[in-house]
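Student: I have a structure to study. Can you take me through how its features get their labels?
Tutor: Gladly. Here it is.
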Amino acid sequence: MKVVVDLTRCQGYGQCAFLAPDVFTIRDEALLYDLDPADEQREQVLRAAAACPVQAIHLDAAESPYVPRQSAQPKGHGERIVIVGASLAGARAAGVLRRDGFAGELTVVGAERDAPYDRPPLSKQVLTGQIPPGHTLLPSVREVEAEWLWGTEATGLDIAAKRVRLADGRELPFDRVLLATGTRARPWPNEREAALQGVHTLRTQQDAAGLRQALAARPNRVLILGAGFTGSEIASVCRELDLPVTVVERGPAPLVNALGRVIGDVAARLHRDHGVDLRCDTTVTALEDDGNGRLRGARLSDGTTVAAEVAVVALGSIRNVEWLHDSGLAAGVWGVTCDAGCRAVDTNGLVMDDVFVAGDIARFPHPLYQYQFMTLEHWGNAVAQAEIAAHNMVSDQAHRWPHLSVPVFWSSQFGVNIKSVGVPTFADQVVITQGSTAGRRFAAVYGYQGRVTAAVTFDQGIWLEFYQRLIERAAPFPPDFRHVDRREEAGPVPAGVPDRVVATAGATVVVTGHDPAERRATLLHPPQGAS
């Protein structure tokens with residue numbers, strides 16, 4: 001059987017750990033689990049799924065009597081839908097299409113050769129050796145009748161002819177298409193240095209397997225480039241394995257780009273208290289070769305060097321949109337622009353009824369954040385957006401839904417369960433409403449122009465839904481009510497979020513024509529490899 005837990009919903013009640021302790025483990029508030037438990041654990045896992053107070057455990061439908069069967073009137077006879085991208089968002093959309101009654105042809109194109117798998121465990125359970133990479137496959141909540149094209153890369157989209165071009169020369173016709181190609185790890189920019197033995201990125205199952213093998217060899221030191229969530233989680237694993245680790249971060253503290261300086265400073269203390277050699281306001285200028293094609297260390301911008309046999313490049317991601325450059329869509333480094341119903345927008349700013357977008361590449365307007373366009377590389381957003389897109393693909397205009405989910409994400413590092421709701425970087429102030437930053441068990445609420453916009457919790461995830469309701473109703477900031485476990489009486493302080501980057505950087509548009517019937521916009525893309 002296959003198991004996956006929606007860890008954005010999980011509130012750490014621990015019922016699953018009591019009922020199936022060989023599959024689920026609670027460390028403080030962080031849940032770790034085996035996605036592919038042994039057959040003899042089946043009954044315990046079924047009971048754990050049924051007992052979960054927030055119903056966060058998902059199983060194969062064939063294995064679980066607790067997954068409701070849904071029926072729908074058949075839709076789309078004789079039509080064809082193509083989904084480009086076979087990871088979390090694409091796979092979820094395929095299941096929802098069949099659940100909602102789509103009876104036409106369904107084709108899912110995936111560049112990777114593996115069936116859809118869950119990525120969050122790759123930087124946690126897989127690296128520690130708790131589970132092998134192959135145990136991260138996503139459960140098929142229901143059998144999805146579709147043509148699955150594994151190991152097949154899409155190279156172009158012809159909107160006028162309604163065809164998806166594939167790398168093997170084939171063309172797939174469609175009536176509607178969903179774009180869900182996700183992201184890839186940003187590599188070290190120097191190709192020669194990036195190719196050194198010992199230099200890793202972490203995005204795929206193969207990446208995780210290679211890095212796990214490198215860590216299991218007990219290197220003298222691991223160097224991590226970047227202290228975002230992925231880099232911080234890998235650093236946490238290294239310390240759990242008792243490996244010396246140096247983290248080099250361009251910003252003033254870990255997680256600043258996501259959570260701001262106030263919480264970033266808490267994260268920095270967390271790193272250092274667990275023995276991480278954290279170098280902030282510093283960059284790696286070069287990775288050094290030992291003369292035999294192996295990594296021996298790195299030179300830093302402050303003039304120092306670090307000796308390391310393993311380096312992990314955790315410098316963010318690149319959205320997989322290059323294949324859409326000649327499609328006529330408003331697609332670029334910022335993602336693929338769409339409306340709140342996941343319908344793609346073309347270069348003229350017109351909404352398309354037959355091209356939809358979901359997951360990490362979707363750039364959509366969010367009403368809660370002044371309708372600003374945003375892209376979210378979160379597990380929960382990929383699932384929610386895929387469901388909205390799939391529903392809207394088989395619904396008429398009167399019955400389409402907007403994507404209004406409040407962003408939620410989580411991370412587990414150094415024994416602390418970090419959760420966030422809303423958009424912390426859309427804030428000017430932050431206040432600690434519960435607990436204590438010194439004790440690293442607290443809730444922080446973010447505000448912008450007098451309204452609550454986000455909340456972050458360290459080992460206080462049970463309160464996340466409460467703060468989500470404050471965000472959804474635009475509650476006043478700072479919150480004016482009596483808090484549970486209020487320890488820090490200080491008022492709001494500047495959140496220390498980074499300056500907002502203009503999401504359309506690089507969007508050069510040329511407008512031609514004079515008559516409204518022929519006036520058109522063309523999006524110019526920089527040459528391949530240009531920044």
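Student: What makes β17-β18-β19 an open sheet with antiparallel pairing?
Tutor: Strands are DSSP runs of E, at least two residues long, numbered from the N terminus. Two strands pair if DSSP finds at least two bridges between them. β17 and β18 (residues 295-300) have five bridges, in the antiparallel sense. So they count as a pair. L287 stands opposite A298 in β18. This is a predicted model: local features need pLDDT of at least 70, side-chain atom pairs count only at pLDDT 80 or more, and totals for chains, interfaces and linings use all residues. Residues are numbered from 1 along each chain as its sequence is written, and side-chain values use heavy atoms, without hydrogens and water.

Student: Why are β17 and β19 at the edges?
Tutor: β17 (284-289) and β19 (305-307) each have a single partner strand, so one side of each is left without a neighbour in the sheet.

Student: How do you know that the span of helix α6 agrees with the expected one?
Tutor: Helices are DSSP runs of H or I, at least four residues long. The expected span is 1.5 Å times one less than the number of residues. For the twelve residues of α6 (residues 205-216) that gives 16 Å, and the end C-alpha atoms are 16 Å apart, so the values agree.

Student: Why is G415 called partly exposed?
Tutor: Buried means under 20% relative accessible area, exposed over 50%, partly exposed in between (1.4 Å probe, protein chains only). G415 has 34%, so it counts as partly exposed. G415 lies in the loop between β28 (408-413) and β29 (416-422).

Student: Which residues of α6 are buried?
Tutor: Q205, A208, L211, A214 and L215.
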